[in-house]
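Let's take a walk through a protein model together, one piece at a time. Keep the picture open as you read, and try to find each part as it comes up.

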Amino acid sequence: MARASGKAHMIVLDVGQSTAIATGNDKQSFFQKSKVCVSLIMQRLIFSAPNDHVGVVLYGTKETNNQLNVEIGGYEHITEAFELQQANWQTLRIMQNQVTRSNLEACWFDALIVATNVLKSETMGKKFTECSIILISPFYKRADVAEDQLSNFLDGLRSMHGVLHLITNFVLHPAASVGTIFTTSGAFDEQAHKSEARSANERWLKQVLKDTNGTVSNINWAERMLAFFDPKLVRPTPWNSVLSIGTKVNLSISAYVMISEQKGLGSFKVDSVDDSSKVEMKTQYFLNDKQMEISMEDIIMGYMYGSTAVPYDNTIDIEYRSGDARLACLGFTASSNILEEHLSSKGSHVVVAKKGCTASNHKLAALVKAMDELQVTMIATKVYRKDTRPRLNALLPTYRNEIPCLVMLELIFQDEVCCLNFPRLLKSKPKPTDEQYEAIGKLIDSMNLMDAVDDSNGESREAFALNSTYNPTLQHVYRAVAHRAVNPKQPLPAVLDGSLQELITVPKKVSDRSKPALEEVKRLFELKEIKQNTRAEWLQRMAKVKLDDDATSTVSTIDSGIMMEDDDADRRTVVSVGTLTPAEDFALLLRRGEKFATVASQLQSVLFELLFTSMRPPGDKVVAALAVYRSEAQNLGPYRYNEWITEFKDMLLTRGKRAFWEEVIVGKQLGLIDSQQSEMSTVSVEHAANFYKTPTQNNTTVESSGAGDDIDADSLFDELNGSF
């Protein structure tokens, strides 16, 4: 027997004369909408379930082509259009371009019998997890069904573990129902005016649906639901390992992905039609956005510790190996110590006891109970696979469906912590009046989303519900790919589809009822234009940097500057620290949430360029940038600044910048950050004081006649520019 190959679907489509009836507000015929539904079903299978197989049976056709009619006869105007196979774009294009409506009619029950026979014969010898028949028809032609025929049909469908899904008209869906098509069922509209043939058909269909646990959907509702693509279903695969606590406690655990980043379509294969071009990999080296030529002799191995590059000496014969896959407890800490900004955005896992391990199950239950009562979190190191990079994770105790488990979240490095401080809402400004509070309350109530959408049945439902709202970007990509595959020579539609537009548009009901409240807010809250400050005012407000010669002036942080001022400052677009306004750029990037290590590296490069390569004197902006850098390093981590300023000192003294060193670094006390200035610093006060001392200069004057070969080019540029 062949291996399992997903699910088997057989689509039964009515192409007879009765499908010309108009349905919906757009007056499209039932046949047009049914073709759209078939197209969308195949697209969903191509994107989300490539292992599923699908076949198509048409009834109401001019010709007759089915196996049962050849063997026993009586099944006229029914055609086996496509055999059971994986859904593909070629089949979809044939369905759209070559399947047309006829002026004949056929019995829907005979088409079901033919579809069941095709499904049974083509799944024989293959192992499918599920079989289903999707019947799309308005059921205007009455079917004379005998009880024994219905019983035989149901027996054949049950033998394949099959289920019947109907897509038709005169079906109601409750507004409160949650679920996708083929997982939830509507109900036939008993109040609608129907023909006697339709009413008789519904009685038989209800019995079939009841015996097979099938579903029925309105064709307009089905078209809307099928237009949204679900991600490819993946069977949850556990990460089996051992959780070790100390040297004696070991638990067999399984970790399942609970939350992960939603990914779009996978990468496409790129090829040249005429084989004239080939894809080649090319490595280039850049320094400050300038391309450099580097020889292999100048390249050394290294590792990344967070965002810091750690060089590795190849001459040292040491190779780090993390060992076998494991989850090892390093210790416990109070849950209040783990803040949201300490957690990585790479998703989360749920850790449970491994299936079949009773002892581990009892141990894990006791562990979760104890951690929950003590309100502590476990810090553990995780090695996913043998000799892979270890990761630090926080394991939080919780109960999911009353089952004790641990939620595992990866922790970030210190350099990756982004602390965003926002100004207080109420400071020196007047307190809002009761009338203003009431107006804001009415505006909030008018924007309530719980009853923001009215369906065709007059019932209200929630808008943008988390369990039924799709990612508009991902859905647009799916539809664009499908449009190009079906219509390869047509351009992509310039306007978003209506159903996608609804995902990014405020519901009309909310927009209409919130207008009066919004006008009231505009009347009560007067807006005044705030004049933007100059560069010097902005810089002093943001960083509180005094550019005078007062060496004892204190320098506060950027965050404190934000907290003290209410209005937004500069709205410039800054992507990196530049040489024009380095202090402002540094401050803006930190406010935006950029990593301190990244912005600090950019500022270091800019300071080097301004002091050693620029033809213009650096001026006060270098002093301001140094002061801002040092003040922020006191709070965010002085190690990087202390390491850099030590190297910076050597460069200044060896390149003839002693005047700058004495007047700026020493004069304004911008040297090492000691342990009194920052709790994170490991530099003693005595060491920081000795840092400002330099070797005694050689006072021997050199005669100009004998020093022609010893002239320093940097000093000549300094003298020419009148800089330090």
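Before we start, one term: a residue counts as buried when its relative accessible area is under 20%. Also keep in mind that what you're looking at is a predicted model.

Let's put that term to work on helix 7, which covers residues 219-226. Which residues of helix 7 are buried? They are Ile219, Trp221, Ala222, Glu223, Met225 and Leu226. That's six of the eight residues in helix 7, so the helix is largely enclosed by the rest of the structure. And what do those buried residues pack against? Their partners are strand 2 (22-23), helix 1, strand 7 (162-168) and strand 10 (215-218). Have a look at the start of helix 7 too: there, a side-chain oxygen of asparagine 218 comes to within 2.9 Å of the backbone nitrogen of asparagine 220.

Now zoom out for a moment. The chain has 724 residues, and 39% of them count as buried. It contains 21 helices and 23 strands. If you take the contacts between residues at least 6 apart in sequence, 71% of them join residues at least 24 apart.

Helix 1 turned up a moment ago as a partner of helix 7, and it has another neighbour to show you. Helix 1 (residues 30-48) packs with helix 3 (residues 89-98) at an angle of about 175 degrees, and their axes are 10 Å apart. An angle over 145 degrees counts as roughly antiparallel, so that's the label for helix 1 and helix 3. On the helix 1 side, the contact is made by Lys35, Val38, Ser39, Met42, Gln43, Ile46 and Phe47, while helix 3 brings Trp89, Thr91, Leu92, Met95 and Gln96. Sort the residues of this contact by class and you get seven nonpolar, four polar and one charged.

On to the strands. Strands of a sheet pair through backbone hydrogen bonds, and they can do it parallel or antiparallel. One sheet here is open, with six strands in the order 5-4-1-6-7-10 and mixed pairing. Strand 5 (78-86) and strand 10 are at its edges with a single partner strand each, so one side of each has no neighbour in the sheet. From one strand to the next, the twist averages 15 degrees. Inside this sheet, strand 6 (residues 130-136) and strand 7 run parallel, joined by six bridges. You can spot serine 132 standing opposite valine 163 of strand 7.

Stay with this sheet and look for histidine 9 in strand 1 (residues 7-14). Is histidine 9 buried or exposed? With a relative accessible area of 12%, it is buried, because the cut-off for that is under 20%. Its side chain makes a polar contact of 3.1 Å with the side chain of aspartate 52. Leaving out residues up to four places away in sequence, histidine 9 touches Leu45, Asp52, His53, Val54, Gly55, Leu84 and Ser132.

Last stop: a barrel. Seven strands close into it in the order 11-12-18-21-20-19-17, with mixed pairing. Ignoring direction, neighbouring strands here are turned by 40 degrees against each other on average. Strand 11 (residues 239-245) and strand 12 (residues 249-259) are an antiparallel pair with seven bridges. To find that pair, look for serine 244, which stands opposite asparagine 250 in strand 12.

How values were computed: Residues are numbered from 1 along each chain as its sequence is written. This is a predicted model: local features need pLDDT of at least 70, side-chain atom pairs count only at pLDDT 80 or more; totals for chains, interfaces and linings use all residues. Side-chain values use heavy atoms; hydrogens and water are left out. Axes are lines fitted to C-alpha atoms, for helices over the stretch in contact, and angles run from 0 to 180 degrees between N-to-C directions. Helices (H or I, at least four residues) and strands (E, at least two) are DSSP runs, numbered from the N terminus. Angles under 35 degrees count as roughly parallel, over 145 as roughly antiparallel, 65 to 115 as roughly perpendicular and the rest as oblique. Contact means heavy atoms within 4.5 Å. Ala, Val, Leu, Ile, Met, Phe, Trp, Tyr, Cys and Pro count as nonpolar, Asp, Glu, Lys and Arg as charged, and the others, Gly among them, as polar. Buried means under 20% relative accessible area, exposed over 50%, partly exposed in between (1.4 Å probe, protein chains only). A polar contact is a pair of N or O atoms within 3.5 Å; within protein, one must be able to donate a hydrogen and the other to accept it, and residues adjacent in sequence count only if both atoms are side-chain atoms. Two strands pair if DSSP finds at least two bridges between them.
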